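Here is my note on the model you sent. Please keep the coordinates open while reading.

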Amino acid sequence: MRAFLRSPKGARMSGKRRESLIKTPKQLVTVLVLAFIVPIVVIVLLAQLATSGRTYDEDARSPEAIAKRIKPVAEVNLGAAGPAGKEPAAKADGKAVYESTCMACHGTGVANAPKFGDKKAWAMHLMHGTEHVYENALKGKGAMPPKGGNLTLSEAEVKAAVDYMLGAVKP
Ligand code: HEC
């Protein structure tokens with residue numbers, strides 16, 4: 001009980017000590033507001049630091065990422081230009097090109113397309129020479145669409161597919 005009665009004195013003493021730091025209610029409110037805002041600002045800044053570090057430095061600015069982003073625009077040219085990435089390997093693979101694009105018609109002879117492996121049919125088309133056949137494969141002829149309808153193929157890819165088909169009808 002005595003201790004309780006004395007406590008106001010103690011409170012006054014501790015209040016005195018606090019007075020040196022926060023003198024008015026206004027300052028108290030300021031401190032409370034700052035205590036609320038400062039951590040949020042710090043967290044936001046840290047989050048920005050963390051995310052920007054990841055996307056800019058490692059992923060987005062790497063040559064591969066840039067090449068990937070511009071790929072849709074440059075794809076056709078890349079294939080024709082040659083020694084960059086995986087395109088050249090695919091270009092040389094006439095079988096793969098044939099199976100992905102040409103087989104739809106040339107596998108069964110749709111619309112009178114010279115059938116794969118049909119020597120007689122191909123002999124007729126080869127009458128004017130192999131260069132002429134390349135030319136028709138690239139530019140189209142009758143029901144044969146240019147590049148077999150797949151305009152993303154490079155010239156070399158189409159020629160490789162023609163070579164693949166001609167290889168099957170060689171005497
Ligand atoms: C939509 C069906 C179709 C597709 C797909 C197609 N062709 Fe053809 N192709 C034809 C037809 C039809 C002909 C016969 C055209 C004619 O003689 O009038 C033909 C003819 C050809 C010829 C003979 C050209 C000549 O000189 O007479 C070649 C070579 C050829 N195609 C290559 C290809 C290649 C390579 C592909 C795949 C990249 C392909 N074609 C995809 C339908 C197709």
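The points below run from confidence and fold to the ligand shell, the core and the loops.

1. Basis. This is a predicted model; local features need pLDDT of at least 70, side-chain atom pairs count only at pLDDT 80 or more, and totals for chains, interfaces and linings use all residues. Residues are numbered from 1 along each chain as its sequence is written.

2. Confidence. The protein chain has a mean pLDDT of 78 (pLDDT is the predictor's confidence in each residue, from 0 to 100). In that chain 72% of residues reach 70 or more. Two stretches stay under 50. One is residues 1–11, with zero contacts beyond four places in sequence. The other is residues 84–91, with 12 such contacts. A contact here means two C-beta atoms, placed from the backbone, within 7 Å. Where pLDDT is low, the predicted coordinates should not be read in detail.

3. Fold. The protein chain has eight helices and zero strands. Helices (H or I, at least four residues) and strands (E, at least two) are DSSP runs, numbered from the N terminus. Of the contacts with a separation of 6 or more, 57% join residues 24 or more positions apart. Buried residues make up 14% of the 171 residues. Buried means 20 or more other C-beta atoms within 10 Å of the residue's own, exposed means 12 or fewer, and partly exposed is in between; C-beta atoms are placed from the backbone.

4. Ligand shell. Which residues come nearest to the ligand? Of the 28 around it, they are Cys 102, Cys 105, Gly 142, Met 144 and Gly 148. Helix 5 (94–106), helix 7 (130–139) and helix 8 (155–167) each give two or more residues to this shell. Helix 5 has the largest share, six residues. A residue is near the ligand if its C-beta atom, placed from the backbone, lies within 6 Å.

5. Shell chemistry. The shell has 17 nonpolar, nine polar and two charged residues. Ala, Val, Leu, Ile, Met, Phe, Trp, Tyr, Cys and Pro count as nonpolar, Asp, Glu, Lys and Arg as charged, and the others, Gly among them, as polar.

6. Core. The largest nonpolar core has 14 residues (buried Ala, Val, Leu, Ile, Met, Phe, Trp, Tyr and Cys joined through C-beta atoms within 7 Å). Among those with the most contacts inside it are Val 97, Tyr 98 and Cys 102. Helix 5, helix 7 and helix 8 each supply at least two core residues. Helix 8 gives the most, with five.

7. Helix 8. Its buried residues are Glu 157, Val 158, Ala 160, Ala 161, Val 162 and Met 165. Leaving aside neighbours within four places in sequence, Val 162 is in contact with Val 133, Tyr 134 and Ala 137.

8. Positive phi. Ala 111 is not a glycine, yet its phi is about 55°. Ala 111 is in the loop between helix 5 and helix 6 (119–125). Ala 111 is exposed, because only 8 other C-beta atoms lie within 10 Å. Lys 147 has a positive phi near 55° and sits in the loop between helix 7 and helix 8. Lys 147 counts as buried, with 21 C-beta neighbours inside 10 Å.

9. Ala 113. This residue lies in the loop between helix 5 and helix 6. Why does Ala 113 count as buried? Because 20 other C-beta atoms lie within 10 Å. Beyond four places in sequence, Ala 113 is in contact with Cys 105, His 106 and Met 144. Ala 113 and Ala 143 are 30 residues apart in sequence and 8.0 Å apart, C-alpha to C-alpha.
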